[in-house]
Amino acid sequence: MEFSIKNGNPEKQLSDCLIIGVFEGGKLSASAQLLDDAAGNAISTVVKSGDMSGKIASILLMHQLPNIVAKRVLLVGLGKVSELNTKEYLKVVRAAVKAIPSVAKDVGFYLTELAPAMTVHEKTAQIAEIFSDATYQVNALKSKKPEAVALKKVAVFVEKSEEAEAKSALTQGLAIGEGVKMAKDLGNLPGNICTPTYLDKQAKQLAKDYGFKVEVLDQAQIEELGMGAFLGVAQGSDEPMRLIVLQHKKGKKDQKPVALVGKGITFDSGGISLKGGSEMDEMKYDMCGAASVLGTFKTIGELDLPINAVGIIPTCDNMPSGKALKPGDIVTSMSGQTIEVLNTDAEGRLVLCDALTYAEKFDPSTVVDVATLTGACVVALGQHASAVYSNKDAIAAELIAAGEFAHDRAWHMPLWEDYQQQLDSNFADMANIGGRAAGSITAACFLSRFAKKYDWAHLDIAGTAWKSGKDKGGTGRPVPLLSTFLIKRALNK
Ligand code: BES
Ligand code: MN
Ligand code: ZN
């Protein structure tokens, strides 16, 4: 799909479908008014007849209006004038995009003039992302392929003075949309296809497409590094493990990189501490941290961001077998710290701790790890916010602000010393679980012990990375948050 930023009156636009707004009570948006004047009140007549109430997200499609060049005009209800804030605005845009007739090849979007509380950047970027989202087709492994989307061109109309801002927002929004799509695709693929080897290939393809440096370590090289915790998780599976390292070096030479570390468990059965059967299929999504790192690299590559970034992905399956880790086993991490594995289902922290130690070698300015780490996080925050933990409040604040800006929200959780004692072990330096209470927090506490040498944040995305139920599928989160975080860092340097 091709997007453009344009400027010009709606009555003169050649288009398969123009999208305009009508408020509850019948007031027309400025563009709708222009069309109505040109078309001899055709729109206001329909509104008066009651066919379009203007109720929020209601829809009416009109054809062949007199004196209007466009073939169709899609009226979208905007609700009450006083109530059109950000949330309502996005609801309106989603409804409009969903209602675009499937035959339309090009559309003209005239809703950016609304919602004055939002910046032009915010509106444009969100429009780009909503379009990518609405036209997303799951790479479904169904024998009958879905029909191709007819829509090819989207013109977003803004005021002349807003054009520059809208153009840069569009570039960013589209690049984020690409990253989100990649993360969704990887998440949605089943565990028998999306294996560590598959992620390895994807990373190499990305590197080729965007000129990243890529290095992928196999089991022998991982043994060489002494990653006993990561190796422990992988040893139960026949699927070969990988440690994927991507580097984008487009910042100043002396600028320390930001490292993104993504949990890449391509299937989490729980291991010997086997999970229950219900919804176990969803554990194919346990590599969504890795997918979001790859997706964010795609965005960085698309934008060719002037920044130094490293992506580190420890990836393997967590399976039960005669060779698998057993509860009570003690492993030695790359850092030298020993870990008593009381529950083999707490495997994410075991693969991440070694990746966090490995990150030290890049002398990073900041390390952000991303993981579908705990069911407890879903209990705490549900599907609306990712959890943020950090050893530096300013970084948590920076990530949360990026998430707000990108409409991919996160919430600051405590990482107080008080919780650390829950990880005490009689036999090793620490246990890998901290009991039922505060499960997402104790998991973060565990990771913090391996992230002492740099500024670090941890995102628990267990609730946000995918949706369950009828609309089951990857969300691509937190690619918008991470990308925005890096964009802001790149621009502020
Ligand atoms: N991948 C899971 C976390 C998860 C569970 C994410 C459900 C989304 C939905 C993780 O590896 C795990 O199994 N965590 C355990 C930890 C526990 C054994 C301390 C959990 O949350 O139950
Ligand atoms: Mn697990
Ligand atoms: Zn897991």
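**Ligand 1 and its two metal neighbours**

Biologist: How far is a nitrogen atom of ligand 1 from a polar backbone atom of T372?
Modeller: Keep in mind that this is a predicted model. Pairs of N or O atoms count as polar contacts within 3.5 Å. For T372, the partner of the ligand 1 nitrogen belongs to the backbone, and the distance is 3.3 Å.

Biologist: And how much of ligand 1 does the protein bury?
Modeller: On its own, ligand 1 would expose 510 Å². With the protein around it, the buried share of that area is 77%.

Biologist: Which side chain has an N or O atom 2.8 Å from an oxygen atom of ligand 1?
Modeller: Two side chains are worth a look here. D286 puts a polar side-chain atom 2.8 Å from ligand 1, but its partner there is a nitrogen atom. The side chain that pairs with an oxygen atom of ligand 1 at 2.8 Å is that of K275.

Biologist: How many residues of the shell around ligand 1 are charged?
Modeller: There are 16 residues around ligand 1, with K275, D286, D345, E347 and G375 coming nearest. The shell splits into 5 nonpolar and 4 polar residues, and the charged ones number 7.

Biologist: Which residue coordinates both the manganese ion (ligand 2) and the zinc ion (ligand 3)?
Modeller: Let's go through the donors. For the manganese ion, the protein offers D268 (OD), D345 (O), D345 (OD) and E347 (OE), at 2.1 to 2.2 Å. The zinc ion gets K263 (NZ), D268 (OD), D286 (OD) and E347 (OE), at 2.0 to 2.4 Å. The two ions lie 3.1 Å apart, and a residue coordinating both is D268.

Biologist: Is the arrangement around the zinc ion (ligand 3) octahedral or irregular?
Modeller: The manganese ion (ligand 2) has 6 donor atoms with angles of 70 to 170°, and its site is irregular. Around the zinc ion, 6 donor atoms subtend angles of 78 to 175°, so the arrangement is octahedral.

Biologist: What spacing do the zinc donors follow along the chain?
Modeller: The manganese donor residues are spaced D-x76-D-x1-E. For the zinc ion, the spacing is K-x4-D-x17-D-x60-E.

Conventions
Residues are numbered from 1 along each chain as its sequence is written. Chains are lettered from A and ligands numbered from 1 in the order in which they are written. This is a predicted model: local features need pLDDT of at least 70, side-chain atom pairs count only at pLDDT 80 or more; totals for chains, interfaces and linings use all residues. Side-chain values use heavy atoms; hydrogens and water are left out. A residue is near a molecule or strand if one of its heavy atoms lies within 4 Å of it. A polar contact is a pair of N or O atoms within 3.5 Å; within protein, one must be able to donate a hydrogen and the other to accept it, and residues adjacent in sequence count only if both atoms are side-chain atoms. Accessible areas come from the Shrake-Rupley method with a 1.4 Å probe; for residues, only the protein chains shown count as cover. Ala, Val, Leu, Ile, Met, Phe, Trp, Tyr, Cys and Pro count as nonpolar, Asp, Glu, Lys and Arg as charged, and the others, Gly among them, as polar. Donors are N, O and S atoms within 2.8 Å of the metal (3.2 Å for Na, K and Ca); water is not among the atoms, so sites may look incomplete. Four donors count as tetrahedral if all angles lie between 85 and 135 degrees; four count as square planar and six as octahedral if opposite donors are over 155 degrees apart and all others between 65 and 115; anything else is irregular.
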